[in-house]
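Thanks for coming. I will keep this short and go from the whole fold down to single residues. Please look at the screen.

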Amino acid sequence: MKAIYEDLLPLDRPFYEIHEDSYDPLKCIESFWDNYPLVTIREYLYALDLKCKTLGEATESKLEAVQQTLFLADILRALMAYFLVHCRHLDTTQVKLSTLDLNMEEIRLTKKINDFFQSINQPKP
C-alpha cells in the first residue's frame with residue numbers, strides 16, 4: 001500500500017485503494033475468498049454480534065479487536081469489488097476461488113440441516 005494511505009483509518013483505505021492503477025476488483029474478490037471461507041466469516045460475524053450485544057463490557061483482547069477491524073476492512077473491500085464488477089460488467093468466469101470446495105461443503109451441510117427442519121415443520125393435514 002502506498003505511504004500516503006498509512007495514516008488513514010482501516011475502514012477508509014478501501015475507498016482510496018480502488019483508484020490505484022493496479023487495482024483489480026477480481027483479484028480483490030479472489031483474495032477475500034482465499035482468506036475467508038464461509039465458516040470463518042460466520043465466526044467473525046458471531047463475534048461482532050456478541051460484541052454489539054455486550055457493548056461496555058471488557059470482553060475482548062486488543063488482538064481480537066484488531067482482527068475484527070481487519071475483517072471489516074476486508075469485507076468492505078470485497079463489497080466494493082463486487083459493486084465495481086457489477087457496474088463495469090466484468091466477466092467473473094475466470095475468478096479462481098481456493099476455498100470453493102470448502103464453501104460448497106458448508107452450503108451442502110446447511111442445506112441438509114435446513115431440509116431436516118423443513119421436513120419436521122410441515123403442516124399437518
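One definition before anything else: a residue is called exposed when its relative accessible area is over 50%, buried when that area is under 20%, and partly exposed in between. Keep in mind that what you see is a predicted model.

With that cut-off, take His89. Is His89 buried or exposed? Its relative accessible area is 69%, so His89 is exposed. His89 sits in the loop between α4 and α5. The backbone there deserves a look, since phi of His89 is near 55°, a positive value in a residue that is not glycine. As background, most residues other than glycine have a negative phi.

Now the overall fold. The protein has five helices and zero strands, so the pattern along the sequence reads α-α-α-α-α. There are 125 residues, and 26% of them count as buried. The accessible surface comes to about 9500 Å², with 61% of that belonging to carbon and sulfur atoms. As for contacts between residues at least 6 apart in sequence, 76% of them join residues at least 24 apart.

Next, the interior. The largest nonpolar core has 18 residues, and those with the most contacts inside it are Tyr23, Ile29, Phe32, Tyr36, Ile41 and Phe71. Which elements give two or more residues to this core? They are α2, α3 and α4, where α3 covers 38-53. The largest share, six residues, comes from α4.

Ile29 from that list is a useful one to click on. Leaving aside residues up to four places away in sequence, Ile29 touches Ala81, Tyr82, Val85 and Val95.

Pro25 lies in helix α2, which spans 25-35. Why does Pro25 count as buried? Its relative accessible area is 4%, and the cut-off for buried is under 20%. Again without residues up to four places away in sequence, Pro25 touches Ala81, Leu84, Val85, Arg88 and Leu90. Ala81 and Val85 are thus contacts of Pro25 and also of Ile29. Pro25 and Val85 are 60 residues apart along the chain, yet their C-alpha atoms are separated by 6.5 Å.

Thr99 is another residue in the loop between α4 and α5, and α5 runs over 100-120. What is the relative accessibility of Thr99? The value is 9%, so Thr99 counts as buried, whereas His89, in a loop between those helices too, is exposed. The contacts of Thr99, not counting residues up to four places away in sequence, are Trp33, Asp34 and Pro37.

Last, the largest pocket. Its volume is about 210 Å³. Of the 14 residues lining this pocket, the closest to its centre are Lys27, Cys28, Ser31, Phe32 and Arg77. Phe32 was already on the list for the nonpolar core. Where does the lining come from? Helices α2 and α4, the latter at 62-88, each supply at least two residues. The largest share, five residues, is from α2. By class, the lining has six charged, five nonpolar and three polar residues.

To put the two regions side by side: α4 gives the largest share of the nonpolar core, while α2 gives the largest share of the pocket lining. That is what I have.

Note on methods. Residues numbered from 1 in each chain as written. Predicted model: local features only at pLDDT ≥ 70, side-chain atom pairs only at ≥ 80, totals over all residues. Heavy atoms only, no water. 1 Å grid on protein atoms, 1.4 Å probe; cavity = no way out; pocket = protein on both sides within 12 Å on 5 of 7 lines; lining within 4 Å. Points joined across faces, edges and corners; volume = space filled by probe spheres on them. Helix = DSSP H or I, 4+ residues; strand = E, 2+ residues; numbered from the N terminus. Nonpolar A, V, L, I, M, F, W, Y, C, P; charged D, E, K, R; others polar. Buried < 20%, exposed > 50% of the residue type's maximum accessible area, 1.4 Å probe, protein only. Contact = heavy atoms within 4.5 Å. Areas by Shrake-Rupley, 256 points an atom, 1.4 Å probe, with all protein chains shown as cover. Core = buried A, V, L, I, M, F, W, Y, C linked by side-chain atoms within 4.5 Å.
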